[in-house]
Amino acid sequence: MNKYELAVVVSAKLEDEARADVIEKVKALVTRFGGNVTDVDEWGKRRFAYEIQKMKEGYYYFVHFEADSTVPGEVEQRIRIMDNVLRYLCVKQEA
């Protein structure tokens, strides 16, 4: 099992409950493909360096999980089409 960090930027226009739902869906995707979510780090609202979809701010979340090497690709494929996710990036952590 490899360790991964998934950075997710969620739209700042969402209410608290809707943002929590988006992160729950991301966590559900990881577990659906056999991963194990170890930690979710919420950084809160941050200003972007440049506008993304006419927005200047977004909420940053970092989801840490352990999974096989095929899981990040599957998760990214599903996150790509989620409406309220502006950006995402999954990286393998050093052991």
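These legends go with a set of close-up views of a predicted model.

**View 1. Four strands line up in one open sheet.**
Start with the sheet, since the later views keep coming back to it. Four strands build this open sheet, and reading across it you meet them in the order E2-E3-E1-E4, with antiparallel pairing. Which strands stand at the edges? They are E2 (36–52) and E4 (85–92), and each has a single partner strand, so one side of each is left without a neighbour in the sheet. From one strand to the next, the twist averages 20°. A bit of background helps here: strands of a sheet pair through backbone hydrogen bonds, either parallel or antiparallel.

**View 2. Strands E2 and E3 run side by side.**
Zoom in on E2 and strand E3, which covers residues 55–67. How many bridges join the two? There are 11, and the pairing is antiparallel. Two spots are handy for finding your way along the pair. At one of them, Arg46 has Gly58 in E3 as its bridge partner. At another, Val40 stands opposite Val63, which is also in E3. As you trace either strand, keep a general rule in mind: in a regular strand the side chains alternate between the two faces of the sheet.

**View 3. The hairpin turn between E2 and E3 holds two positive phi values.**
Now look at where the chain goes from E2 to E3. This hairpin has two residues between the strands. Gln53 is found in the loop here, and so is Lys54. What is the phi of Gln53? It is near 50°, a positive value in a residue other than glycine. Lys54 has a positive phi too, near 60°, and Lys54 is likewise a residue other than glycine. Are these loop residues buried or exposed? Gln53 has a relative accessible area of 53%, so Gln53 counts as exposed. Lys54 reaches 76% relative accessibility, so Lys54 is exposed as well.

**View 4. Glu51 and Lys56 meet through their side chains.**
Stay in the neighbourhood of that hairpin for this one. The side chains of Glu51 and Lys56 form a salt bridge, with 3.9 Å from N to O. How exposed are the two partners? Glu51 has 47% relative accessibility, so Glu51 counts as partly exposed. Lys56 comes out at 45% and is partly exposed too. By the rule used here, the count for the model is five salt bridges, and the Glu51 and Lys56 pair is one of them.

**View 5. Helix H1 carries salt bridges along its own length.**
Helix H1 takes in residues 16–32. In H1, Asp16 and Arg19 lie three residues apart, about one turn of the helix. These two form a salt bridge, and their closest N and O atoms are 2.5 Å apart. Which partner is buried and which is exposed? Asp16 is exposed, with a relative accessible area of 55%, whereas Arg19 is buried at 6%. Further along H1 you'll find Glu24 and Lys27, again three residues apart, or about one turn of the helix. Glu24 and Lys27 also form a salt bridge, this time with 3.3 Å between the closest N and O atoms. Glu24 is partly exposed at 45% relative accessibility, and Lys27 is partly exposed at 25%.

**View 6. Both helices pack against the sheet.**
Pull back a little to see the helices and strands together. H1 lies across E1 (2–11), E2, E3 and E4, and runs at about 130° to E2. Helix H2, made of residues 71–79, packs on the sheet too, where it touches E1, E3 and E4. The direction of H2 makes about 175° with that of E4.

**View 7. Helices H1 and H2 cross each other.**
Two packed helices are described by the angle between their axes and the distance between the axes. Where does that leave this pair? The axes of H1 and H2 come within 9 Å and cross at roughly 145°. The crossing of H1 past H2 is right-handed. Which residues meet there? From H1 come Val26, Leu29, Val30 and Arg32, and from H2 come Val71, Val75, Arg78 and Ile79. Sorted by class, this contact has six nonpolar residues, two charged ones and no polar ones.

Note on methods:
Residues numbered from 1 in each chain as written. Predicted model: local features only at pLDDT ≥ 70, side-chain atom pairs only at ≥ 80, totals over all residues. Heavy atoms only, no water. Salt bridge = Lys/Arg side-chain N within 4 Å of Asp/Glu carboxyl O. Buried < 20%, exposed > 50% of the residue type's maximum accessible area, 1.4 Å probe, protein only. Pairing = 2+ DSSP bridges. Axes fitted to C-alpha atoms, helices over the stretch in contact; angles between N-to-C directions. Contact = heavy atoms within 4.5 Å. Left-handed = near helix turned anticlockwise from the far one by under 90°. Nonpolar A, V, L, I, M, F, W, Y, C, P; charged D, E, K, R; others polar.
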